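Open the structure in your viewer and keep the selection panel at hand. This tour goes stop by stop, saying what to select and what is there.

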Amino acid sequence: MPDNSINHYHRLIQELRARGFRITTPRCWTLRVLSEQSGHMTSEQVYQSLHEYDIQVDEATVYRTLQWLADNRIVTRTNLGLGADVFSLYHEPHHHLVCLNCRATIEIDDSVFADLRSDLRKAHGFVPQMDHFAIFGLCKLCQSQATDQAAD
Ligand SMILES: [Zn+2]
Ligand SMILES: [Zn+2]
């Protein structure tokens with residue numbers, strides 16, 4: 001496990017302790033595999049990784065653990081249009097553009113939402129939780145194919 005993922009994992013465990021949460025085996029191992037992968041994982045992928053470590057938990061427990069971590073804003077839960085939702089840690093805020101036609105995804109920076117956030121706050125006194133967003137649409141390539149077909 002690389003140093004930065006170990007550090008990140010330890011910070012997460014400290015954060016749970018500081019917030020008075022119990023550090024159960026499923027919670028600590030789920031955070032560990034998410035820190036190692038540092039990407040997006042479905043509940044099933046987390047479950048499989050836990051099994052590789054010989055951690056005896058069933059799929060329902062893994063799912064409940066991820067849900068609990070998402071409810072407590074320790075991980076994000078996002079529908080990327082892949083069937084199962086994906087879970088990931090918070091460390092690098094970003095979002096995804098997902099093409100509904102070819103399923104290509106483009107990662108975008110959180111800065112695109114800076115104006116929207118401040119507008120919503122000014123207009124409605126509302127603080128949105130847009131931590132990890134998927135925006136669905138058509139990618140450049142699929143748009144040009146759509147216009148090509150229309151031209152035929
Ligand atoms: Zn993401
Ligand atoms: Zn596309």
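Select Thr-30 to begin: its relative accessibility is 0%, so Thr-30 counts as buried. Bear in mind during the tour that this is a predicted model. Thr-30 sits in helix H2, which covers residues 25–37. Now show what surrounds it. Setting aside residues up to four places away in sequence, Thr-30 touches Val-46, Leu-50, Thr-65, Leu-66 and Leu-69.

**Along helix H2**

Select Cys-28, which also belongs to helix H2. Is Cys-28 buried or exposed? Its relative accessible area is 17%, and because buried means under 20%, Cys-28 is buried. Which residues does Cys-28 contact, apart from its neighbours within four places in sequence? They are Tyr-9, Ile-13 and Ile-23. Val-46, one of the residues that Thr-30 touches, can serve as a distance check. From C-alpha to C-alpha, Cys-28 and Val-46 are 12 Å apart in space, with a separation of 18 residues in sequence.

Next, select Cys-139. This cysteine has 15% relative accessibility and counts as buried. How many disulfides does the structure hold? The count is 0.

**Salt bridges**

Side chains of opposite charge can pair when their charged atoms come close. In this structure the count comes to 5 salt bridges. Three of them, given below, are worth selecting one at a time.

- Select Glu-15 and Arg-19. They form a salt bridge whose closest N and O atoms are 3.1 Å apart. Glu-15 is partly exposed, with a relative accessible area of 34%, and Arg-19 is partly exposed at 39%.
- Select Asp-85 and Arg-77. Here the closest N and O atoms of the salt bridge are 2.7 Å apart. Asp-85 has a relative accessible area of 23% and is partly exposed; Arg-77, with 31%, is partly exposed too.
- Select Asp-110 and Arg-117. Their side chains meet in a salt bridge at 3.3 Å, N to O. Arg-117 is partly exposed, and its relative accessible area is 23%.

**The largest pocket**

Select Ser-38, His-40, Glu-92, His-94 and Glu-107 together. Of the 11 residues that line the largest pocket, these five lie nearest its centre. How much space lies in the largest pocket? The volume is about 150 Å³. The lining of this pocket divides into 6 polar, 3 nonpolar and 2 charged residues.

**The largest cavity**

Keep Glu-92 and His-94 selected, since the next stop includes them: both line the largest cavity. Add Thr-76, Ser-88, Leu-89, Tyr-90, Pro-93, Asp-131 and His-132 to complete the lining of the largest cavity. Its volume is about 40 Å³. How many cavities of 30 Å³ or more does the structure hold? There is 1. The residues lining the largest cavity divide into 4 polar, 3 nonpolar and 2 charged.

Glu-92 and His-94 make a good last selection. Both are among the residues nearest the centre of the largest pocket, and both also line the largest cavity. To finish, return to Thr-30 in helix H2, the buried residue where the tour began.

How values were computed
Residues are numbered from 1 along each chain as its sequence is written. Chains are lettered from A and ligands numbered from 1 in the order in which they are written. This is a predicted model: local features need pLDDT of at least 70, side-chain atom pairs count only at pLDDT 80 or more; totals for chains, interfaces and linings use all residues. Side-chain values use heavy atoms; hydrogens and water are left out. On a 1 Å grid over the protein atoms alone, a cavity is a set of points where a 1.4 Å probe fits but cannot get out, and a pocket is an open set with protein on both sides within 12 Å along at least five of seven lines; lining residues have an atom within 4 Å of a point. Grid points are joined across faces, edges and corners, and a volume is the space filled by probe spheres set on the points. Ala, Val, Leu, Ile, Met, Phe, Trp, Tyr, Cys and Pro count as nonpolar, Asp, Glu, Lys and Arg as charged, and the others, Gly among them, as polar. A salt bridge is a side-chain nitrogen of Lys or Arg within 4 Å of a carboxyl oxygen of Asp or Glu. Buried means under 20% relative accessible area, exposed over 50%, partly exposed in between (1.4 Å probe, protein chains only). A disulfide is a pair of cysteine sulfur atoms within 2.5 Å. Helices (H or I, at least four residues) and strands (E, at least two) are DSSP runs, numbered from the N terminus. Contact means heavy atoms within 4.5 Å.
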